[in-house]
Every structure is written in C-alpha cells, then in structure tokens.
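Biologist: I would like a close look at a single part of this protein, explained slowly enough for a first-year student to follow.

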Amino acid sequence: MSGVVFAGEAVGRAVPLVAGALGASGIAVAALPSRLAMRAELRKRWRTWAIAAPVFLGALFLGARGAFALAAALGATAVGEYVRMAGLPRAEYAVLLVAAVVLPALAWLVPAAVDGRAVDLRVVALLLVVAALPALLAGDDERGFTRCARTVFALLWIPLPLTGLVVLGDTAVAVGLAVALGDVGAWCGGTALGRRGVLARSLSPLSPSKTWAGVLGAAGATAVALGAVGAFTPVLWAAVLTGCVLGDLLESMVKREAGVKDAGSWLPGFGGLLDRIDSLLLALLLAMVVTA
C-alpha cells in the first residue's frame, strides 16, 4: 500500500458498515424511553456522528488532497482548544497553528519528510527549535521551560499524528473506523460488564469511568471493524486498541491539570474536537509506527 495513494477500496468497504451502524443506532436511540436521563445526550451524539462520518470518509475518498484538508482542519481546531487549556501565549499558538497546516502539507507534497515509517531527523530538529523560539526570544525566565515543553507535547500529540491521515492511505480509513466503533464498544462493554467484579476496576484515577470492561468491549469492536474493511492484523489491532484506551486517558490528564471538564463546548454531545479525536490521534501515531 503506497503511503499517499488512495484507491478508495477501504472507503467503499467502510460505507455499508458505517451506514448500517448509523441506521441501527439511530433506530435504537429514537426508541429510547423519554424518561431515560441519557436520551437527549445520546441523540446529540448520534447527530454529530451522522455528520462527522460522511465528512471523514468523503475527505479520504478524495485522495491525498482531501486527507490534507481534513488533517489541517482538524489540527487547526484541536490546536486552538489545546492552547486555551494549556494557557499558552499567542506566539506558541501561531507556531502550533502553522505546524497544523505545514506538517500535513509536507506529508502530502514531500513524502520523504514524513513517510509513515519515520519522521526525518531534520523535521524533528526543526520542530524542537521552533517550539522553543517564542520563549527564548521573549526571555521568559519564569515560564519559558513550561511553555516550550507544552508546545513540544502539542506538536507530537496533534499535528504529527494527523499526518497519518495523509501517509497511511487506505489504512487511515480503517483506523478511523476502528477507533469510532472502539469508542462505542468501550461504552457498551462498560455498561454491560463494568458494574461489579474485576472488570469493573478503573484503569486510572484520571478517568474513573474507564474500566477493564470497557477495554474488553473496545477490543472486540476494533477487531470487528478492522476485519470488516479487510485491514485486520494483530499488530495494527493492538495499535488501534492502545490508542482507544490510552488516548482518552492522555486527554483526561491534560484537562485535569487545566481544571476543565471538556476541551470545548461547540461539538454537540462531545464538548470539543479534542474530546472526540483524542483516541484517533494516538491510534494514528501508533499505526504509523507499526506499519513501518
């Protein structure tokens, strides 16, 4: 599979699965009793999914250009949410915003720089220098190191993984679909099996509602999703599952330190964009590693 060649085969296989999942879940949500506390929230989430799924698949179906546009749009939005949570100045925001566009562009136009197997050392060095530059030029001896560290983390967490939408080709479709169904599987597993016993144990104090039952549900759902689009391998499945499990905890850690419940409030049923793509970011990054 060539990094930036999109044959559209994975999108074609994914469409019936996504349509079926949206249809079945839409009927289930519509049938929920009005007294159920989560009914309104679940309906909001379904409407968001009904819009997001065609946008995601449609962008990747368009090929490398569409993948670049999707990665840049997601990156720019997520960076804005992160900057607000981390309390970074405008200079760092500008750096991250430029990176959110430039890194996917490099992956598209200069595949040798970010080829899905490794990031060119020159790119890494440039990212480090650019991340430190605002604090260095400002002579910030009080928060300079914190600013630099948070900026480097953001570069590794948001723009760099999103280049996977470009370099992974059809595999990006499989990863995106598996992460989406993995989140649903985690919720179903936690609801059905996470009430008592060993499976009810929390993974981390960062997110007490995330249990081993949820991991089990995510494991099954991601395996089914990858298999349905013909992309299942044990290594890719492990990468996606790890992204599903740890991606959410990683964002929870950032939000807890920032003292916020959600990264934003504009995305119905989820909060902010980072609340929706936290697992996808880590899954894409790990997928680029294991598909070397």
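Where is the place of Leu199, and what can be said about its surroundings?

Modeller: Please keep in mind that this is a predicted model, with a mean pLDDT of 90 for the protein and 95% of its residues at 70 or more. Residues 1-5 are a stretch where the pLDDT is below 50, and where pLDDT is low, the predicted coordinates should not be read in detail.

Leu199 itself is found in the loop between helix H9 (170-193) and helix H10 (212-228). Its relative accessibility is 32%, and because partly exposed covers values between 20% and 50%, Leu199 counts as partly exposed. Together with Leu193, Trp212 and Leu216, Leu199 makes a nonpolar surface patch of about 380 Å².

In soluble globular proteins, nonpolar side chains tend to be buried together, and the interior of this model can be set beside the patch. The largest nonpolar core holds 66 residues, of which Tyr82, Ile158, Leu165, Val175 and Leu274 touch the most other members; helix H3 gives the largest share of this core, with 12 residues. Apart from that core lies another, of five residues, including Val215, Ala218, Ala219 and Leu241.

A further leucine, Leu250, sits in helix H11 (residues 234-258) and, with a relative accessibility of 22%, also counts as partly exposed. Once its neighbours within four places in sequence are left aside, Leu250 is in contact with Phe153 and Trp157, while Leu281, 31 residues away in sequence, lies 10 Å from Leu250 in space, C-alpha to C-alpha.

Methods: Residues numbered from 1 in each chain as written. Predicted model: local features only at pLDDT ≥ 70, side-chain atom pairs only at ≥ 80, totals over all residues. Heavy atoms only, no water. pLDDT = per-residue confidence, 0-100. Contact = heavy atoms within 4.5 Å. Patch = residues over 30% accessible without salt bridge, like charges linked within 9 Å, V, L, I, M, F, W, Y side chains within 5 Å. Areas by Shrake-Rupley, 256 points an atom, 1.4 Å probe, with all protein chains shown as cover. Salt bridge = Lys/Arg side-chain N within 4 Å of Asp/Glu carboxyl O. Helix = DSSP H or I, 4+ residues; strand = E, 2+ residues; numbered from the N terminus. Buried < 20%, exposed > 50% of the residue type's maximum accessible area, 1.4 Å probe, protein only. Core = buried A, V, L, I, M, F, W, Y, C linked by side-chain atoms within 4.5 Å.
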